[in-house]
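Thanks for asking me to look this one over. Here are my notes, with the sequence and model placed first so you can follow along.

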Amino acid sequence: MGARREEGRGRMMKRNPKRCVNPERPGRQFKYETGMFGTCANPLHLGHVRTIVKAANECRELYVVLSYSKRREKTDWRVRRQWLYETVRHLGNVKVIELEDKCKSKAEYDSDDHWREGAER
């Protein structure tokens, strides 16, 4: 592995083949078959992106689940879905799906009763 000069900076960086997500690469070993990353991405930030890329490197198949509520949104869920899609479209093993929560308030969403009811379904 050679080193390359990072664009616009004077320091040298080593190439790391493990950072490249390519689930089609022959012989590729994954830590997990399937993974899930849940987020509201309101707003999407670099912490989300780093976590998604790390998970994509460890999972043969990764589902990014965008949760939203039409009643409590600051940013329209379709905009956030587009942010996620544009961020992960080059990662062949990542799929973005949406999950609507129908709670009337954040307090209702956070309540133990809400989660207990959902688990019993």
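The numbered points below go through one helix, an aromatic pair, a loop and the nonpolar core.

1. Please keep in mind that this is a predicted model. Let's begin with helix H2, which covers residues 77-88. Its 12 residues, at 1.5 Å a residue, should span 16 Å, and the C-alpha atoms at its ends are indeed 16 Å apart, so the expected and modelled lengths agree.

2. Which residues of H2 are buried? They are Trp77, Arg80, Leu84 and Val88. Looking down the helix axis, you will find the buried residues within an arc of 65°, so they line one face of H2. That fits the general pattern: an α-helix has 3.6 residues a turn, so residues three or four places apart point the same way.

3. What covers those buried residues? The cover includes strand S3 (32-39), helix H1 (46-58), strand S4 (59-68) and strand S5 (94-100).

4. The N-terminal end of H2 is worth a look on your screen. Asp76 caps this end, with a side-chain oxygen 2.8 Å from the backbone nitrogen of Arg78.

5. Trp77 also turns up in another role. The count of aromatic pairs comes to one. The partners are Tyr68 and Trp77, and their rings are stacked, 4.4 Å centre to centre with 10° between the planes. Both Tyr68 and Trp77 are buried.

6. The loop between S3 and H1 deserves a careful check, and Pro43 lies there. The peptide bond from Asn42 to Pro43 is cis, with omega near 10°. Ala41 has its place in this loop too. Its phi is near 50°, a positive value in a residue other than glycine. Is Ala41 buried or exposed? Ala41 has 0% relative accessibility, and buried means under 20%, so Ala41 counts as buried.

7. Now for the largest nonpolar core, which has 14 residues. Those that touch the most other members are Ile52, Leu62, Val64, Leu84, Leu91 and Val94. H1, S4 and H2 each supply at least two residues of this core, and S4 gives the most, with four. Leu84 is also one of the buried residues of H2.

8. To see the surroundings of one core member, try Val64. Leaving aside residues up to four places away in sequence, Val64 touches Phe37, Thr39, Ile52, Leu84, Val94, Lys95, Val96 and Ile97. Among them, Ile52, Leu84 and Val94 appear in the list of core residues in the previous point.

Terms used:
Residues numbered from 1 in each chain as written. Predicted model: local features only at pLDDT ≥ 70, side-chain atom pairs only at ≥ 80, totals over all residues. Heavy atoms only, no water. Expected span 1.5 Å × (residues − 1). Buried < 20%, exposed > 50% of the residue type's maximum accessible area, 1.4 Å probe, protein only. Arc of directions from axis to C-beta. Contact = heavy atoms within 4.5 Å. Polar contact = N/O pair within 3.5 Å; in protein donor to acceptor, adjacent residues only side chain to side chain. Phe/Tyr/Trp six-rings, centres within 6.5 Å; stacked < 30°, edge-to-face > 60°. Core = buried A, V, L, I, M, F, W, Y, C linked by side-chain atoms within 4.5 Å.
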